[in-house]
Amino acid sequence: MKFPDEEQVNKAADAAVRTFSLKNNGWNAVLASILKIPGARVDRTAFLRDVFDSLPQGSSWLPAETVHDYAAKRISRHTYETSIASAAAGLPGGFALFATIPADVMQYLWHTVVLAQELCYLYGTADLFSDEGKLSDQGNGILTLAVCMMLGSRDTETENAFTALYRVMREKALKNPSFLAVTARIWYPAAEKAAEWLGARLAGNAAKGGLSKFLPLIGAAVNGIASYATFSSAAAYFEGRLLKDAKSLPGA
């Protein structure tokens, strides 16, 4: 079977994603702002070289169990950093731009977005950004669904959509535009709903109350910096989904 060239793949992808459109709601604005903060965008090549010393080749380049060990280290690192950081500072650029969102929520989101990229790259997804540095539609979708899951959503539709999109991001390296086009009908509507869910949480009373009221996994008695203890379990849940999806792929 002869795979189409890159131009054909891009045309098929564009045709697929035009069927749907992620609404320009509060979440997309926040995500765009987070990605402007230094360190928020993970350079896939540099990150994998840093983790593995040299880039592995192929879509099934390491056993899932080995990747799981590396992923656990990344989760531990981010959990540690969120645990010791102050609610008002500690990240490059600060959070002066987010006057309507508590600093502790924004800090949690920053670490969530960064870790989501790292875990996806560890499990073999293609780059979420274009060569020009723009977040792709697939990258937007995978980050939106990932953050939604890491912030407590256990909706089956969200999880199934993430699985479909994860496979798209793996299959993209195989240049299979027909698979991308078909699965877009699965993950785009779910990503749109996830964006609405996140936007509603950011715009509503939960966001105004700080992290303890923003995250559904945190009880009312847990406040402030202690809330970051939730980060580890939420990240582990998301990584578990990636591990399960990676094992289900042919040749895994």
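**Exercise 1. The nonpolar core**

Identify which residues of the largest nonpolar core touch the most other members, and state which element gives the largest share.

*Solution.* Step 1: in this predicted model, the largest nonpolar core has 66 residues, and Trp27, Leu109, Phe162 and Phe238 touch the most other members. Step 2: the elements that give two or more residues to this core are H2, H3 (44-52), H4 (64-84), H5 (103-122), H6, H7 (156-171), H8 (177-203) and H11 (229-248). Step 3: H5 supplies the largest share of the core, 13 residues.

**Exercise 2. Trp27 and helix H2**

Determine which residues Trp27 contacts beyond its neighbours within four places in sequence, and how the buried residues of H2 are arranged around the axis.

*Solution.* Step 1: with those neighbours left aside, Trp27 is in contact with Leu109, Val113, Thr144, Val147, Ala195, Leu198, Gly199 and Leu202. Step 2: Trp27 is one of the buried residues of helix H2 (residues 26-34), together with Asn28, Val30, Leu31 and Ile34. Step 3: these residues cover an arc of only 160° around the axis, and therefore lie on the same side of H2. Step 4: the general principle is that an α-helix has 3.6 residues a turn, so residues three or four places apart point the same way.

**Exercise 3. Aromatic pairs**

Classify the two aromatic pairs of the structure.

*Solution.* Step 1: the structure holds two aromatic pairs. Step 2: for Phe162 and Phe238, the distance is 5.1 Å centre to centre and the angle between the planes is 70°, an edge-to-face pair. Step 3: this pair links distant parts of the chain, as Phe162 lies in helix H7 and Phe238 in helix H11, 76 residues apart. Both Phe162 and Phe238 are buried. Step 4: the ring centres of Trp187 and Tyr188 are 4.1 Å apart with the planes at 40°, so this pair is tilted. Trp187 and Tyr188 are likewise buried.

**Exercise 4. Helix H6**

Compare the reach of H6 with its expected value, and decide whether H6 is largely enclosed or largely open.

*Solution.* Step 1: H6 (residues 137-150) has 14 residues and reaches 20 Å from its first C-alpha to its last, close to the 20 Å expected at 1.5 Å a residue. Step 2: 13 of the 14 residues of H6 are buried, so the helix is largely enclosed by the rest of the structure. Step 3: just after H6, Gly152 adopts a positive phi of about 115°.

**Exercise 5. The whole protein**

State how many helices and strands the protein has, and what percentage of its residues count as buried.

*Solution.* Step 1: the protein has 11 helices and zero strands. Step 2: of its 252 residues, 50% count as buried.

Conventions
Residues numbered from 1 in each chain as written. Predicted model: local features only at pLDDT ≥ 70, side-chain atom pairs only at ≥ 80, totals over all residues. Heavy atoms only, no water. Helix = DSSP H or I, 4+ residues; strand = E, 2+ residues; numbered from the N terminus. Expected span 1.5 Å × (residues − 1). Buried < 20%, exposed > 50% of the residue type's maximum accessible area, 1.4 Å probe, protein only. Arc of directions from axis to C-beta. Core = buried A, V, L, I, M, F, W, Y, C linked by side-chain atoms within 4.5 Å. Contact = heavy atoms within 4.5 Å. Phe/Tyr/Trp six-rings, centres within 6.5 Å; stacked < 30°, edge-to-face > 60°.
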